[in-house]
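Please open the structure in a viewer and keep the sequence panel at hand. The tour below proceeds by selections, each followed by a description of what is found there.

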Amino acid sequence: MDKKIERSGLQKHLKKAVAGGVLLSIAAAALAFNNTASSGRSQNLALSSLTVSTVSKGAFVDALSLRGQVVPKTTIYLDTIAGGQVEERLVEQGEYVEAGQPLVRLSNTSLQLDVMSREAQVTEQLNFLRNTQMTMETSRLNLRRDLLEIDLQISHLERRYKQSKPLVEKGVLATDRLSEIEDDLQYYKARKELTLERQTQENSIRKVQVEQLEDSAKMLQKNLQFARKNLENLLIKAPVSGYLSELDVEIGESKSKEARLGQIDIPNEYKLVVRLDEFYLNQVQPDMAVNVMLDSGLVSAKVSKIDSRVTQSQFQVEVALPSGQSDIKRGQSIDVELMLGGNKENALLLKRGAFFTSSGGNWVYVLASDGKTAERRDIRLGKKNQDYYEVLDGLSQGEQVITSSYSNFDKAQQLNF
């Protein structure tokens, strides 16, 4: 006969306890799964650790804040005309020099010998010209002397002819003698005519030759002066008054022809060189207004030159500064504000902040009206200036936006405070 086995009290409660434990485990797992799934959608934060800005309406000044470097407006470079060896350095870099002041002395033995040789050649040529002129003058004087002698002979023969002719008619003097006098007279008259013709031709030739000789003499003198000028150029002088900002010479150093020795900056005349991102290349125009922040106050200037060559994603513009700015120095960096010209009187504005790095300006966290939560919202921004972004879409005036960095919660859809 079978006997009913009775369960103990412990066994009865153990089954219930195991079932309850399983249910609790399932509930805990479900709760954990729920928390994990929702962690990418919401995140708890302390509002005090964030920067909140209010969307406002106002004037949007389309300006770009930049840094510019002061450089001389006018720089005069010092180059050698004739190369040589540095013999003497007469000033030091950074000194103020006057126009015409000697700076560097060079020596060039070959050039000195060449100048001496040219001087000798020119002297020889000039002596030859003087001798030629003297010979021509002697020839001219000889012709005049010949004419004087011919005239004298003609005069004597004419007188003898007049005296002899009556004697021949009376039979006192032979007819042949009169004919001889007449022939001599005709000979000297023909000789005079020939001499006059020669004199005319020689005068004409002499005039041309003298002009050519004088031109040759002037050319030789000019060449000699040019050779001497090359020798004088071995002493480098300051072409203008100013600061000798660079002087790259050492005693004993050889400098070739047209080598750069240094530069002189004109004092109190400066310009700013500003580098911009290539993004603004099509927006910057000549004569665009620029506000320059000097120690003496705000100075208005204009873009004077645009160098559109892009280097390392940047291009360069020059800003002409007004003359007489004595409180700035060469190489100094100065804050400038480039006025791009797209100002708006009644624009929707959002203060600039670190949020742009995470969102790229495509979305922001907007606080709810009760300030307990913030929702992620897509927006569209336009231009920016030193302080604000121009809001084109997605935000309204008076809404509060988190503008600090989103780096710790940029995956969350909602923020709880």
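Begin by selecting D287, which is found in the loop between strand 13 and strand 14 (289-294). The model on display is a predicted one. The phi angle of D287 is near 70°, a positive value in a residue other than glycine. Is D287 buried or exposed? With a relative accessible area of 54%, D287 is exposed, because the cut-off for that class is over 50%.

**A second positive phi**

Next, select E258. Its place is in the loop between strand 11 (254-255) and strand 12 (260-265). Here phi is near 65°, again a positive value in a residue that is not glycine. E258 has a relative accessible area of 59% and is therefore classed as exposed.

**The cavity**

Now turn to the interior space. The structure holds one cavity of 30 Å³ or more, and about 40 Å³ of space lies in the largest cavity. Which residues should be selected to display the lining of the largest cavity? They are L66, V274, L276, V290, V303, V317, V319, V336 and L338. Strand 13 (270-277), strand 16 (314-320) and strand 17 (333-339) are the elements that give two or more residues to this lining. Colouring the lining by class shows nine nonpolar residues, with no polar and no charged ones.

**The loop after strand 17**

From the cavity, follow the chain to G341, in the loop between strand 17 and strand 18 (344-351). G341 is exposed, its relative accessible area being 63%. Add V292 to the selection and draw a distance between the two C-alpha atoms: G341 and V292 are 16 Å apart in space and 49 residues apart in sequence.

**Two helices**

Select helix 2 (residues 109-170) together with helix 3 (residues 175-232). Their axes come within 8 Å and cross at roughly 165°. How are helix 2 and helix 3 directed, parallel or antiparallel to each other? Since angles over 145 degrees count as roughly antiparallel, helix 2 and helix 3 are therefore roughly antiparallel to each other. The crossing of helix 2 and helix 3 is left-handed. The residues of the contact between helix 2 and helix 3 comprise 25 nonpolar, 15 polar and 20 charged.

**Strand 21 and the loop beyond strand 22**

Proceed to K383, which is found in strand 21 (residues 380-384). K383 is partly exposed, with a relative accessible area of 40%. Then select L395, whose place is in the loop between strand 22 (388-393) and strand 23 (400-402). Is L395 buried or exposed? At 7% relative accessibility, L395 counts as buried, because buried means under 20% relative accessible area.

Keep both residues selected. K383 and L395 are twelve residues apart along the chain, and their C-alpha atoms are separated by 15 Å.

**A last distance**

Finally, retain L395 and add M116 to the selection. How many residues apart in sequence are L395 and M116, and what is the distance between them in space? The pair is 279 residues apart in sequence and 87 Å apart in space, C-alpha to C-alpha. With L395 and M116 displayed, the tour ends.

Definitions and conventions: Residues are numbered from 1 along each chain as its sequence is written. This is a predicted model: local features need pLDDT of at least 70, side-chain atom pairs count only at pLDDT 80 or more; totals for chains, interfaces and linings use all residues. Side-chain values use heavy atoms; hydrogens and water are left out. On a 1 Å grid over the protein atoms alone, a cavity is a set of points where a 1.4 Å probe fits but cannot get out, and a pocket is an open set with protein on both sides within 12 Å along at least five of seven lines; lining residues have an atom within 4 Å of a point. Grid points are joined across faces, edges and corners, and a volume is the space filled by probe spheres set on the points. Helices (H or I, at least four residues) and strands (E, at least two) are DSSP runs, numbered from the N terminus. Ala, Val, Leu, Ile, Met, Phe, Trp, Tyr, Cys and Pro count as nonpolar, Asp, Glu, Lys and Arg as charged, and the others, Gly among them, as polar. Axes are lines fitted to C-alpha atoms, for helices over the stretch in contact, and angles run from 0 to 180 degrees between N-to-C directions. Angles under 35 degrees count as roughly parallel, over 145 as roughly antiparallel, 65 to 115 as roughly perpendicular and the rest as oblique. A crossing is left-handed if the near helix is turned anticlockwise from the far one by less than a right angle, and right-handed if clockwise. Buried means under 20% relative accessible area, exposed over 50%, partly exposed in between (1.4 Å probe, protein chains only).
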